[in-house]
Amino acid sequence: MTRLADTAGIDVVGQTFQRFDKPNAATYIGGGKVAEVKTLIEELQADMVIFDDELSPRHQRELEEIFGENVKVIDRTALILDIFAQHAHTREGKLQVELAQLEYRVPRLTRMWTHLARQAGGRAGGATGGVGLRGPGETQLETDRREIGRRISQIKEELDGVRAHRERHRSKRQQTELQVVAIVGYTNAGKSTLLNKLSGADVLAADMLFATLDPTTRKVNMPGGRELLFTDTVGFIQKLPTQIVAAFRATLEEIGDADLLLHVVDVTHPNAAEQIEAVEDTLSELEADHLPMVIALNKADRLSNPEEAVAELELDAPAVLVSARTGQGIDQLLVTIEAAMVSLLKPIEVHIPYDRGDLLSLFYERGQVDQEKHTGTGVHLFGRLPARLLPAFAPFRSE
Ligand SMILES: Nc1nc2c(ncn2[C@@H]2O[C@H](COP(=O)(O)OP(=O)(O)OP(=O)(O)O)[C@@H](O)[C@H]2O)c(=O)[nH]1
Ligand SMILES: [Mg+2]
């Protein structure tokens, strides 16, 4: 949470916590805690209180009422949305974040209403307002709602356009496309640094959360001679807001199209195990948990006894200790990924006519040839191919 606040440019001056079975209906935390926080706010001269959970619109309203006009009350979701808004660069990224922000705002519009009511009447404390005030307040609220509703539909339409374009692009690519490795992992695990190391790319890697929002894909030459595409995208986090998952679904769903997931873990993080779990949860939410996986245990350069740190983790995929910074372990990682890719190839037997030299070389480049026979009409191949190339060879199958 502190890291999130840092990333958003907020100074953390104090922290507190409370254990409870269920949140207080009005103020989320209990009455005593509210008083304690209010005192802290005054002592530390804080102008914002952030809750590391999702607050209901009512919680937010009541807390602001108690803490006073000059103290902003926000929750984890609002904070993450704010960071996303700062870090989105492409048109699709920006539209997605705006959509998420508006959808977050709609149920919270009532707050505006109480503010308006207060301004209009000068009395009418609390959410009930005054009889005479309800009219104009409601009208304003309705106008705001309608306006936001209109903007939401407009964004959705624009997004459909952007995505249709990308979709056409993608399906055209897919037939001859290289196998794809999607780099996934907790935010700040080192995904972009690793992609840069692997491909000599220049993706922004920074010590902040959610540095990367927009997908970047780079071609990487593997040690065995084959070429693969690596895609870097938005990092995951515990309690990733549902608005974010919904808004970024299209971007995130590309993860599901990959042939293999490369899960980057910051092994030096004290909560590495929880972070692995959060990533696995998000992957299953995205229905990408069935994909084969290789784990890169990153930042090994910071450990004096890496094996010890790794022994405590429960890993259910082949894992390699690496440092994206120093390059340590990267060769081994590539070998492991390539081996996993080869094991995914599908056996096939084809008869390729001599005038299709293009397909013949495609087979040699992307697949594995076990046996080759020249006949009067063409070349007969036994071997294995990536699943995504099978359609291109379908007309020439001979079984
Ligand atoms: N010591 C060390 N630091 C690393 C290593 N890999 C990445 N880092 C640092 O970790 C921080 C985060 O790296 P990024 O590559 O931006 O992480 P990311 O997973 O892309 O993060 P988001 O895009 O924000 O989700 C940066 O400060 C990197 O320099 C490593 O192998 N060793
Ligand atoms: Mg990144």
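A salt bridge, as the term is used in this talk, is a side-chain nitrogen of Lys or Arg within 4 Å of a carboxyl oxygen of Asp or Glu. Glu338 and Arg226 satisfy that criterion, with a distance of 3.9 Å from N to O. I should say at once that the structure before you is a predicted model.

Let me remain with this contact for a moment. It links distant parts of the chain, since its two members are 112 residues apart. Glu338 belongs to helix α13, which covers residues 330–343, and Arg226 sits in the loop between β4 (216–221) and β5 (227–232). Are these two residues buried or exposed? Glu338 has a relative accessibility of 10%, under the 20% limit, and therefore counts as buried. Arg226 is likewise at 10% and so is also classed as buried.

The surrounding region has an annotation. An unreviewed UniProt entry places the feature "domain: Hflx-type G" at residues 179–345. In the model, the C-alpha atoms at the two ends of that span lie 10 Å apart. Helix accounts for 34% of the span and strand for 20%.

I turn now to the other salt bridges. How many are there by this rule? The count comes to 16. One of them joins Lys33 to Glu36, whose closest N and O atoms are 3.3 Å apart. Both residues lie in helix α2, residues 31–44, and they are three residues apart, about one turn of the helix. The two partners fall into separate accessibility classes: Lys33 is buried, with a relative accessible area of 14%, whereas Glu36, at 37%, counts as partly exposed.

A further example is the bridge between Arg356 and Asp358, at 2.9 Å from N to O. Here Arg356 is partly exposed, at 29% relative accessibility, and Asp358 is partly exposed as well, at 44%. There is also a network: Arg91, Glu98, Arg151 and Glu158 are joined into one by salt bridges that share partners.

My last topic is the aromatic residues. The structure holds three aromatic pairs. In one of them, the ring centres of Phe20 and Tyr28 are 5.3 Å apart. Why is this pair called edge-to-face? The planes of the two rings stand at 85°, and an angle over 60 degrees places a pair in that class. Phe20 is partly exposed, with 33% relative accessibility, while Tyr28, at 11%, is buried.

Tyr28 also pairs with Phe51, again edge-to-face, with 5.6 Å from centre to centre and 90° between the planes. This second contact links distant parts of the chain, 23 residues apart: Tyr28 is in the loop between α1 (2–7) and α2, and Phe51 is in strand β1, residues 48–51. Phe51 is buried, its relative accessible area being 8%. Through these ring pairs, Phe20, Tyr28 and Phe51 are linked into a cluster.

To close, I return to two contacts that you may wish to display on the model. The salt bridge of Glu338 and Arg226 connects helix α13 with the loop between β4 and β5. The aromatic pair of Tyr28 and Phe51 connects the loop between α1 and α2 with strand β1.

Technical notes
Residues numbered from 1 in each chain as written. Chains lettered and ligands numbered in written order. Predicted model: local features only at pLDDT ≥ 70, side-chain atom pairs only at ≥ 80, totals over all residues. Heavy atoms only, no water. UniProt positions renumbered as here; feature names shortened; annotations may be inferred. Helix = DSSP H or I, 4+ residues; strand = E, 2+ residues; numbered from the N terminus. Buried < 20%, exposed > 50% of the residue type's maximum accessible area, 1.4 Å probe, protein only. Phe/Tyr/Trp six-rings, centres within 6.5 Å; stacked < 30°, edge-to-face > 60°.
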